[in-house]
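Me: Could you take a close look at one part of this model for me, the hollow spaces and what surrounds them? Start with a quick word on chain B, then walk me through the rest.

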Amino acid sequence: MRINKLNIKISNIVILIAAVSFVLVAPRITAGYFMMVVNMGLIFAIAAFGVCVMLGIGGQLSFATVSFMGFGAYFVANLTSGRMGIIMGSIPVIILMIIATTVVAFSIGLVLFKLKSAYFTFATIGLVQVSWSFYLSYVPLFGGPDGISRIATFDIFGFRAEDFHQWFYILVVFVLIVVFLVERIKCTQLGRSLAAIRDNEIAAQTLGINIYMTKVIAFTIAGVLAAFAGALYAMHSQFVSADMFTFERTTTYIIMAMLGGVNNTKGVLVGSMLVTLLPEWLRGMQQYLQLIFGVSVILLMVFMPMGLAGLVTSVGKRLKRKLHVNKKLATSTGMEAKR
Amino acid sequence: MSFGMFYHRKDNENYLVFIVWDDTVDISLFISLSVNGFAMGMIYALIAMGLILLIRAIGVLNFAQGDLLMFGAFISSALILDLELPLYAMVPVALISFALIGVIFMFSVYWPLRDASYPVAHIISTMGASIALREIATLIWGSIPRSMPPLMRDSETGRAAVLRIADINLQWQFVLTIIVGAVLIILVFILFEKLYAGRMMQAAAQDKYAAELLGIPTILTTAATYIIVVILASVGGYMVSPIFMVSNTLGVLQLRAFAGVVIGGFGNIKGAIIGSLFVGVVESFGSLHFSQYRDAIVFTVLIVVLLFRPQGFFGEKVADKA
């Protein structure tokens, strides 16, 4: 189903129109609080894109998302709230944060990827628990149980994001940049190496892929994305505390990515919006909400392990097959004889 | 007060003593800390054993293991606090309901997914089950933690009984936890090493297809595995409930059991038990002076062990499967 001259998929046009109308319409019809929830969904989507890189493209199950989110959030919190006697602008602090996270994530990745598959997953659980206990208890850097408040909001060239509506546009820009990056990664040598590792590690090795370094770089990218989400979260809510960075939270990001379709950027975006927004829409059933969530995760894995995107693809294929079969019947039966 | 690491010389050999040593620490504190550590280690071992049984039998990493423990604790609290059953009536009822939960758990979380082509799907579905179990427990029993009476009570004061040996005070609950845990572990070993049913289960775990050809009903052996796993975790929950309160956050205990599994050696029951006991003891001594960092201590040990001996203490190095 392509418009042949332009070589554009119709489904992509539909998604583009939906996205543009969402961006244009959403801020006009939503009030402050709901806008904040939408913003949260966008921020979480950035962290979920990290999961997408690790699990979707690379096939490595890592729980470290919240550790790096916390790193980014506390990094920004310390440098913009005046706790350390320094108040920096948003752009320099984000750039510093990205450099610092790259170094930290790269070195942690170097260490953890000495381990294979399940061991690596367990080690990331260890990392989450260690980082969480420090975020919760170490007062000089992380503020202890009270967290850190009065974090400066996002500012760029003298413009300050004052309310959630302005934040929305800023976040949309950031999400677009991240989506673009993740899509680019898929097309690069790194992305293809990762996909090869996901599908068959030994086969990838025989093709001359440096498995260890590829995984470490993917881990670093996922870490930086998570830290970036953490930094945005800190600036957006102007407050961080350790309960954002627990083991439970990290499973939420994995579920967000899985819900949409772990290898599909649009799917991940939809998945994280759904996981964040559904609790607000279903406020009436607050009591049963988590239960429904848990049960639907099981059902999701049973019926569509590739998420919503997988469902769309399979339905699309089925439709296409039907259309094609009809066309074939109508046009030629000669093909059958040749075969 | 002084703390740090130092060497303790005994029998002409040096032992690294990694506890805090000051005026308050003496031999009785040392022993009671060890007993507490071993008791908690037993709880982790019960969780860890179930994990390994599931991994060996069906290759599924169960992230709902801690929540099964929590659910078991809630069911026993319902039988004791709400129905006020005496112990001899409570035990069989509890065991039957644990077995039922095991079967339900298997048919809702594992069975529909058994042919899934995407291996992470199993893990994610157990995460969903973990959330669901926690919420079911909250819906039924509310979110207020319930306190459970200890197994052995002082007849005069009505509080938890204390075992006194010389001038060492030990909580009976901890001692009983160690005993119950050890008995369960021995029972499981007898099942797998001596009994025909256990051999069948092992055969089904090793090669499902071949076992089916030999006429072993693999659906029954899988169900039996799930029943054993849930009973192990739930009894752990019952034993731990007087120590902590019964609440829906008991599930976090599974993370330390994971640490024990990895430290001991992945896929190895003996290693998992010893690793879990080790985690319990490290946690117990670590919490003496760094109580808010005890998770950090346990998991730092985990990461260090993984780095220097990725196959764990007792694991054997396995070559990559092509």
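Reply: Chain B has 11 helices and four strands. Bear in mind that this is a predicted model, and that goes for everything below. Of the 322 residues in chain B, 53% count as buried. Its accessible surface comes to about 15,300 Å², and carbon and sulfur atoms hold 64% of that. If you take the contacts in chain B between residues at least 6 apart in sequence, 70% of them join residues at least 24 apart.

For a single residue from this chain, try H122(B), which sits in helix α4 of chain B. H122(B) has a relative accessible area of 12%, so it falls under the 20% cut-off and counts as buried. Leaving out residues up to four places away in sequence, H122(B) touches V60(B), Y110(B), L113(B) and R114(B).

Now for the open space. The second largest pocket holds about 1,100 Å³. It is lined by 39 residues, and those closest to its centre are R249(A), T252(A), V275(A), P279(A) and Q290(A). Which elements give two or more residues to this lining? From chain A they are α2 (32-57), β6 (239-240), α11 (247-260), α12 (265-281) and α13 (286-303), and from chain B there is α4 (120-141). That α4 of chain B is the helix that carries H122(B). The most comes from α13(A), which puts nine residues into the lining. Sorted by class, the lining of the second largest pocket has 24 nonpolar, nine polar and six charged residues.

Next, the closed spaces. There are three cavities of 30 Å³ or more, and the largest cavity has a volume of about 110 Å³. Its lining is made of 16 residues, with G50(A), M54(A), S62(A), T65(A) and A222(A) nearest the centre. Helices α2, α3 (65-80) and α10 (211-237) of chain A each supply at least two of the lining residues. Here α2(A) has the largest share, with five residues. So far as class goes, the largest cavity is lined by 11 nonpolar and five polar residues, with no charged ones.

One of those helices, α3(A), deserves its own look. It has 16 residues and runs 23 Å from its first C-alpha to its last, close to the 22 Å expected at 1.5 Å a residue. Why is α3(A) described as largely enclosed by the rest of the structure? Because 14 of its 16 residues are buried. Just after α3(A), G82(A) takes a positive phi of about 80°.

Last stop, a residue with partners in both chains. Q129(A) belongs to helix α5 of chain A, which covers residues 117-137. Its relative accessibility is 6%, so Q129(A) counts as buried. Not counting residues up to four places away in sequence, Q129(A) touches F247(A) in its own chain, plus L255(B), D295(B) and F299(B) from chain B. If you're clicking through the structure, F247(A) is also where α11 of chain A begins, and that helix is one of the elements in the lining of the second largest pocket.

Terms used
Residues are numbered from 1 along each chain as its sequence is written. Chains are lettered from A and ligands numbered from 1 in the order in which they are written. This is a predicted model: local features need pLDDT of at least 70, side-chain atom pairs count only at pLDDT 80 or more; totals for chains, interfaces and linings use all residues. Side-chain values use heavy atoms; hydrogens and water are left out. On a 1 Å grid over the protein atoms alone, a cavity is a set of points where a 1.4 Å probe fits but cannot get out, and a pocket is an open set with protein on both sides within 12 Å along at least five of seven lines; lining residues have an atom within 4 Å of a point. Grid points are joined across faces, edges and corners, and a volume is the space filled by probe spheres set on the points. Ala, Val, Leu, Ile, Met, Phe, Trp, Tyr, Cys and Pro count as nonpolar, Asp, Glu, Lys and Arg as charged, and the others, Gly among them, as polar. Buried means under 20% relative accessible area, exposed over 50%, partly exposed in between (1.4 Å probe, protein chains only). Contact means heavy atoms within 4.5 Å. Accessible areas come from the Shrake-Rupley method with a 1.4 Å probe; for residues, only the protein chains shown count as cover. The expected span of a helix is 1.5 Å times one less than its number of residues.
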